[in-house]
Amino acid sequence: MIEITNLTKRFGDLVAVDHLSLSIGPGEVFGFIGPNGAGKSTTMKILACLMKPDEGSARVDGLDVMRDGDRIRRILGYMPDFLGVYDDLTVDEYLQFFAAAFEIPRSRRRTVVDSVLELTDLTGKRKAMVDSLSRGMQQRLGVARVLIHEPKVLLLDEPASGLDPRARIEMRSLITELGRMGKCLMVSSHILTELGEMSTSIGIIERGRLLFAGSLAEALARVRGGERIAIRPEGDADLVSAAATLAADPRVARAFAEDGNLVVELTPGEHGHHFVLERLMVSGVRIASFAPQAVKLEDAFLTLTKGALQ
Ligand SMILES: Nc1ncnc2c1ncn2[C@@H]1O[C@H](COP(=O)(O)OP(=O)(O)OP(=O)(O)O)[C@@H](O)[C@H]1O
Ligand SMILES: [Mg+2]
């Protein structure tokens, strides 16, 4: 649904998007991750036909952003990072306005607006003034607006920014739901853990260059050193000697005491934890908690972007 090849955009000397290539299919939620100024919004604006690239090509459902702007706009919904403010409009009037702008026949507008209100959980707010909505509701209204013309492709630029934890979870489930409906979504964010949970694939961009694209599992596999286990002992235990015993095992890369915990890093490729437990029991260490720690998306991000940051 989205096919970008060697896309490049310059602002004077600055290369905002640098020979970017990626493709996103239907039903895919592509998490677009990158620090400030990486080129995420610029890429989305090009896809939304709001900005022309200097080099390369971008296609949406086979249509070229340079030539087929009008047709792309009919199948694509773009939610910018900054929602314009509309005074003196209710939620319902606001959505009716966009339904009219998208030339949805008058007889169908009521049904269409009702269904997007329902999907974004804003039915109860239809009579509220747009500028009185909380930030989270405004973001949901932004999503409702881009759904009006039933686009197949959605570009959401930081839809979760400024939201409280509950609103974030709601936004995440809304995005997951849209993916399940078969839509192709590109979602940008700095909030890595959040994108990890809802994305079916991720792309990491920095200084206009794509550093990684693939599944979350692939990103994690690249950075996964050894698995890490944090063990909290019960009562007083000689963690130093327990660490020394474990460190002598070839399945253990490192073992050390840290903040009253025993931290064990397994040799890369080693997945069994059980021997660690057994050895500690033999050494007489009583265990209050035993917690294998998952590698987080943040770790993946930091490792994958390290090269470009240096
Ligand atoms: N209209 C413009 N004129 C000049 N420079 C621009 C313009 N738009 C973007 N840039 C520059 O291009 C680079 C990429 O910007 P972009 O907005 O795409 O980044 P981003 O990844 O969306 O960042 P953020 O996370 O802060 O939203 C930045 O250095 C920015 O200053
Ligand atoms: Mg941006």
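Modeller: Let's start with burial: a residue is buried if 20 or more other C-beta atoms lie within 10 Å of its own, exposed if 12 or fewer, and partly exposed in between. Keep in mind that this is a predicted model.

Biologist: Fine, let me try it. Into which class does N6 fall?

Modeller: N6 has 14 C-beta neighbours inside 10 Å, so N6 counts as partly exposed. N6 lies in strand β1, residues 2-11. Its backbone is worth a look too: N6 is not a glycine, yet it has a positive phi of about 50°.

Biologist: And what is the phi of H19?

Modeller: H19, again not a glycine, has a positive phi of about 50°. H19 sits in strand β2 and is partly exposed, because 14 other C-beta atoms lie within 10 Å.

Biologist: Now the ligand. Which residues surround ligand 1?

Modeller: Going along the chain, the shell is made of F11, L14, A16, G34, N36, G37, A38, G39, K40, S41, T42 and D81. Two elements, β2 (14-24) and α1 (40-47), each give two or more residues to that shell. Helix α1 gives the most, with three residues.

Biologist: How many residues of each class are in that shell?

Modeller: Six are polar, four are nonpolar and two are charged.

Biologist: Staying with α1, how do I read a single residue there, say K45?

Modeller: Start with its place and its surroundings. K45 belongs to helix α1, and it counts as partly exposed because it has 19 C-beta neighbours inside 10 Å. Then look at who touches it: setting aside neighbours within four places in sequence, K45 is in contact with L50 and M51. For a view across the chain, try K45 and P80, which are 35 residues apart in sequence and 8.4 Å apart in space, C-alpha to C-alpha.

Biologist: Let's zoom out. Into which domains is the protein chain divided?

Modeller: Domain 1 covers 2-222 and domain 2 covers 226-292. Their centres, taken over C-alpha atoms, are separated by 45 Å.

Biologist: Sheets next. What is the strand order in the open sheet of six strands?

Modeller: The order is β6-β7-β8-β3-β9-β10, and the pairing is mixed. The edge strands are β6 and β10 (209-214); each has a single partner strand, so one side of each is left without a neighbour in the sheet. From one strand to the next, the twist averages 15°.

Biologist: How many bridges join β3 to β8?

Modeller: Five, and the two strands, β3 (residues 29-33) and β8 (residues 184-189), run parallel. To find your way in the viewer, pick V29, whose bridge partner in β8 is L185. Then turn to the helices: α5 (residues 135-147) lies across β6 and β7, at about 160° to β6. Helix α6 (residues 165-180) also packs on the sheet, touching β3, β7 and β8, and its direction makes about 155° with that of β8.

Biologist: Back to the edge strand β6. Which way do its residues point?

Modeller: The general idea first. In a regular strand the side chains alternate between the two faces of the sheet. Here, in β6 (residues 76-79), L76 and Y78 point one way, G77 and M79 the other way, and all are buried. Strand β6 pairs in the parallel sense with β7 (residues 153-157) over four bridges, and L76 has V153 as its bridge partner in β7.

Biologist: What about the sheet of four strands, and is its pairing parallel or antiparallel?

Modeller: That open sheet runs in the order β12-β13-β11-β14, with antiparallel pairing. At its edges are β12 (252-258) and β14 (287-293), each with a single partner strand, so one side of each is left without a neighbour in the sheet. The twist averages 15° from strand to strand. Packed on this sheet is helix α9 (residues 239-247), which touches β11, β12 and β13 (261-266) and makes about 175° with the direction of β12.

Biologist: Which residue in β14 is the bridge partner of R232?

Modeller: S289. Strand β11 (residues 228-233) and β14 pair in the antiparallel sense over six bridges.

Biologist: And how many bridges join β12 to β13?

Modeller: Six, again with the strands running antiparallel; V252, for instance, has L266 as its bridge partner in β13. The hairpin of β12 and β13 has two residues between the strands, and D259 takes a positive phi near 50° there.

Notes. Residues numbered from 1 in each chain as written. Chains lettered and ligands numbered in written order. Predicted model: local features only at pLDDT ≥ 70, side-chain atom pairs only at ≥ 80, totals over all residues. Near = placed C-beta within 6 Å. Nonpolar A, V, L, I, M, F, W, Y, C, P; charged D, E, K, R; others polar. Domains from an automatic or database assignment. Pairing = 2+ DSSP bridges. Axes fitted to C-alpha atoms, helices over the stretch in contact; angles between N-to-C directions. Contact = placed C-beta atoms within 7 Å.
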